[in-house]
Amino acid sequence: MARKNDTAVNYTVPGLKPDAAAEVVSTLQDRLNALNDLALTLKHVHWNVVGPTFIAVHTMLDPQVDGVREMVDATAERIATLGGSPIGTPGALVAQRTWDDYSIGRAGAEAHLAALDLVYTGVIQDHRNAIEKTEELDPVTEDLLVAQAGVLEQYHWFIRAHLETPEGTLKTAGAPTEKAAARKAKR
């Protein structure tokens with residue numbers, strides 16, 4: 001059974017009140033869940049991508065997986081530093097997440113890249129919201145999230161470069177779901 005997202009802290013870093021630390025821990029736990037999910041999703045795509053550009057996408061994803069896993073560790077360690085208890089179990093991730101599971105199985109590179117475009121968009125938007133939430137509460141956490149957002153945006157650019165037309169538009173513009181984006185990418 002998944003544990004409840006308990007963000008109460010008994011102590012925290014000097015200069016930060018426990019109630020503020022608990023709010024930051026809650027924000028970071030959401031980011032921890034999203035980053036763990038992203039790392040697993042990237043690896044899933046790595047294993048399930050097929051087609052003529054298979055090797056390019058397959059090898060592009062491993063450094064992204066490694067980079068996101070480093071973010072997971074840094075985020076969990078920040079939670080612990082603030083006096084919280086990072087929850088990294090699969091059951092907790094599934095119970096606490098607010099997004100659907102990745103919806104593409106074995107598919108061509110463009111389909112997966114189109115779906116990953118939406119995945120990255122969601123993760124980055126939520127990271128930016130977390131940056132805003134932590135700006136006044138804890139500048140150290142804000143700095144951690146800003147650095148992570150910069151790397152995530154670069155990874156997203158790598159994905160989007162495959163979906164961009166010579167005119168500078170995305171083939172998948174306006175797609176509301178991963179499957180819809182995958183269909184648009186094939187056109």
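These are my notebook entries on helix packing and a few single residues in this structure.

**Entry 1: what I am looking at**

I am working with a predicted model, and I kept that in mind throughout. I followed the residue numbering that starts from 1 along the chain.

**Entry 2: H1 beside H5**

I began with helix H1, residues 18-48, and helix H5, residues 139-161. Their axes come within 12 Å and cross at roughly 20°. Angles under 35 degrees count as roughly parallel, so I wrote H1 and H5 down as roughly parallel to each other. I then looked up the handedness, and H1 passes H5 in a left-handed crossing. On the H1 side I listed Val24, Leu28, Arg31, Leu35 and Leu38 as the residues that make the contact. On the H5 side I listed Thr141, Leu145, Gln148 and Leu152. Sorted by class, this contact has 6 nonpolar, 2 polar and 1 charged residues.

The spacing along both lists caught my eye, and a general rule helps here. An α-helix has 3.6 residues a turn, so residues three or four places apart point the same way.

**Entry 3: Thr141**

I picked Thr141 from that contact for a closer look; its place is in helix H5. Is Thr141 buried or exposed? Its relative accessibility is 0%, so I entered Thr141 as buried. Next I asked which residues Thr141 is in contact with, leaving aside its neighbours within four places in sequence. I found Val24, Leu28, Arg78, Leu82 and Thr134. Val24 and Leu28 were already in my notes as H1 residues of the contact with H5. I also checked Thr141 against Gly168: they are 27 residues apart in sequence, and their C-alpha atoms are 35 Å apart in space.

**Entry 4: H1 beside H2**

I stayed with H1 and turned to helix H2, residues 54-81. The axes of H1 and H2 come within 9 Å and cross at roughly 160°. Since angles over 145 count as roughly antiparallel, that makes H1 roughly antiparallel to H2. The crossing of H1 and H2 is left-handed. I looked up the classes of the residues in this contact and noted 15 nonpolar, 6 polar and 5 charged.

**Entry 5: Asn36**

Asn36 has its place in helix H1. I wanted to know how its side of the helix is placed, and I noted Asn36 as buried, with a relative accessible area of 18%. The cut-off for buried is under 20%. Beyond its neighbours within four places in sequence, Asn36 is in contact with Val72, Gly88 and Leu93. I followed up on Gly88, which is 52 residues from Asn36 along the chain. The C-alpha atoms of Asn36 and Gly88 are separated by 7.8 Å.

**Entry 6: Met60 and the aromatic pair**

Met60 lies in helix H2. With 16% relative accessibility, Met60 counts as buried. What does Met60 touch, not counting residues up to four places away in sequence? I noted Leu113, Phe158, Ile159 and His162. I also checked Met60 against Leu32, 28 residues apart along the chain, and their C-alpha atoms are separated by 23 Å.

Phe158 led me to the aromatic rings, where the structure holds 1 aromatic pair. The rings of Trp157 and Phe158 have their centres 5.4 Å apart and their planes at 45°, so I logged the pair as tilted. Trp157 is exposed, with a relative accessible area of 54%, while Phe158 is partly exposed at 29%.

**Entry 7: H6 against H4**

I finished with helix H6, residues 178-186, where Glu178, Ala180, Ala181, Ala182 and Ala185 are buried. Which helix do the buried residues of H6 pack against? I found helix H4, residues 109-137. H4 and H6 pack at an angle of about 135°, with their axes 7 Å apart. H4 and H6 are therefore oblique to each other. The crossing of H4 and H6 is right-handed. From H4, the contact is made by Glu110, Ala111, Ala114, Ala115, Leu118 and Val119. From H6, I noted Glu178, Ala181, Ala182, Ala185 and Lys186. By class, the contact of H4 with H6 has 8 nonpolar, no polar and 3 charged residues.

Conventions:
Predicted model: local features only at pLDDT ≥ 70, side-chain atom pairs only at ≥ 80, totals over all residues. Heavy atoms only, no water. Axes fitted to C-alpha atoms, helices over the stretch in contact; angles between N-to-C directions. Helix = DSSP H or I, 4+ residues; strand = E, 2+ residues; numbered from the N terminus. Parallel < 35°, antiparallel > 145°, perpendicular 65-115°, else oblique. Left-handed = near helix turned anticlockwise from the far one by under 90°. Contact = heavy atoms within 4.5 Å. Nonpolar A, V, L, I, M, F, W, Y, C, P; charged D, E, K, R; others polar. Phe/Tyr/Trp six-rings, centres within 6.5 Å; stacked < 30°, edge-to-face > 60°. Buried < 20%, exposed > 50% of the residue type's maximum accessible area, 1.4 Å probe, protein only.
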